[in-house]
Amino acid sequence: MAIRAGRSALHLLALAFLLILAASPCLQARVDHRKQKLRGRIGVRKKMEVMQQDDEALVKLENAGIERSKAVDSAVLGKYSIWRRENENEKADSRVRLMRDQMIMARIYSVLAKSRDKLDLYQELLARLKKSQRSLGEATADAELPKSALDRIKAMGQVLSKSRDLLYDC
């Protein structure tokens with residue numbers, strides 16, 4: 001009976017303590033504060049997980065960008081530069097490119113003409129090549145070419161066509 005009375009007294013004491021806690025605004029504020037801390041910790045954990053996922057996604061994007069940049073050949077060939085304003089418009093240097101291509105073909109056909117003893121064609125190709133080189137000069141855009149450049153492009157095209165007919169064997 002004494003044990004039962006001890007337990008009852010203990011239960012009553014615990015109930016009284018809980019009632020005091022519930023009634024006390026100061027203690028209630030502490031309990032609320034602790035609940036907020038727990039909620040805050042859970043929120044911080046969720047935020048940390050989201051930030052970690054964002055970091056992983058960012059690393060994946062950076063690696064993909066690095067791979068793409070490795071795939072792009074950064075060597076600038078010839079006198080073309082991506083930083084020049086003339087190259088913003090693709091057609092701003094179409095004649096310059098055409099002249100350069102014609103000059104390359106003229107060099108090739110001149111070697112073939114010389115090797116096949118077509119000296120007249122060889123001389124004509126060299127003459128047109130020199131004229132094209134003079135008119136092209138340091139030009140990187142069509143606007144920098146002289147007015148006679150279009151006539152020289154046409155003349156070189158005729159000589160290259162003639163060379164192809166005479167020298168090209170399939």
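# A walk through a five-helix chain

Let's start with a count: the structure holds two salt bridges. Keep in mind that you are looking at a predicted model. We'll visit both bridges, but take in the whole chain before you zoom.

**The overview**

Colour the chain by secondary structure. You should find five helices and zero strands, and if you read along the sequence the pattern goes α-α-α-α-α. Now switch on the surface. The accessible surface of the protein chain is about 13,900 Å², and carbon and sulfur atoms own 59% of that area. Of the 170 residues, 19% count as buried. What about contacts along the chain? Taking those between residues at least 6 apart in sequence, 71% join residues at least 24 apart.

**Stop one: helix α3**

Select residues 94-115, which make up helix α3. This helix has 22 residues and reaches 32 Å from its first C-alpha to its last, close to the 32 Å expected at 1.5 Å a residue.

Which residues of α3 are buried? Pick out Val-96, Met-99, Arg-100, Gln-102, Met-103, Ala-106, Tyr-109, Ser-110 and Ala-113. Look at the spacing of those numbers as you click along. An α-helix has 3.6 residues a turn, so residues three or four places apart point the same way. The buried residues of α3 pack against α4 and α5, so show those two helices next.

**Stop two: the nonpolar core**

With α3, α4 and α5 on screen, go to the largest nonpolar core, which has 19 residues. Those with the most contacts inside this core are Met-99, Ala-106, Leu-125, Leu-136, Leu-145 and Leu-160. The three helices α3, α4 and α5 each supply at least two residues of the core.

Zoom in on Ala-106. Which residues does Ala-106 touch, leaving aside those up to four places away in sequence? Its partners are Leu-125, Leu-129, Met-156 and Leu-160.

Now select Ser-110, also in helix α3. Ser-110 counts as buried because its relative accessibility is 6%. Again leaving out residues up to four places away in sequence, Ser-110 touches Tyr-122, Leu-125 and Leu-126.

Follow that last contact to Leu-126, which lies in helix α4. Is Leu-126 buried or partly exposed? With a relative accessible area of 25%, Leu-126 is partly exposed. While you are here, draw a distance from the C-alpha of Leu-126 to the C-alpha of Arg-107: these residues are 19 apart in sequence and 7.8 Å apart in space.

**Stop three: the surface patch**

Go back to α3 and select Ile-104, Met-105 and Ile-108. Together they form a nonpolar patch on the surface, with about 240 Å² of accessible area. Take Ile-108 as an example: this residue lies in helix α3, and because its relative accessibility is 42%, Ile-108 counts as partly exposed.

**Stop four: the salt bridges**

Time for those bridges. Select Asp-93 and Arg-97, whose closest N and O atoms are 3.1 Å apart. How accessible are the two partners? Asp-93 counts as buried, at 1% relative accessibility, whereas Arg-97 is partly exposed, with a relative accessible area of 38%.

For the other bridge, select Glu-124 and Lys-162, where the N to O distance is 3.2 Å. Glu-124 sits in helix α4 (residues 119-136) and Lys-162 in helix α5 (residues 149-167), so this bridge ties together parts that are 38 residues apart in sequence. Glu-124 is partly exposed at 28% relative accessibility, and Lys-162 is partly exposed too, with a relative accessible area of 41%.

**Last stop: just past α3**

Finish by selecting Asp-117, found in the loop between α3 and α4. What is the phi of Asp-117? The value is near 60°, which is positive in a residue other than glycine. For background, most residues other than glycine have a negative phi. Asp-117 is exposed, too, with a relative accessible area of 65%.

Key. Residues are numbered from 1 along each chain as its sequence is written. This is a predicted model: local features need pLDDT of at least 70, side-chain atom pairs count only at pLDDT 80 or more; totals for chains, interfaces and linings use all residues. Side-chain values use heavy atoms; hydrogens and water are left out. Patches are made of residues with over 30% relative accessible area and no salt bridge: like charges are joined within 9 Å, nonpolar side chains (Val, Leu, Ile, Met, Phe, Trp, Tyr) within 5 Å. Accessible areas come from the Shrake-Rupley method with a 1.4 Å probe; for residues, only the protein chains shown count as cover. A salt bridge is a side-chain nitrogen of Lys or Arg within 4 Å of a carboxyl oxygen of Asp or Glu. Helices (H or I, at least four residues) and strands (E, at least two) are DSSP runs, numbered from the N terminus. Buried means under 20% relative accessible area, exposed over 50%, partly exposed in between (1.4 Å probe, protein chains only). A nonpolar core is a set of buried Ala, Val, Leu, Ile, Met, Phe, Trp, Tyr and Cys residues joined through side-chain atoms within 4.5 Å. Contact means heavy atoms within 4.5 Å. The expected span of a helix is 1.5 Å times one less than its number of residues.
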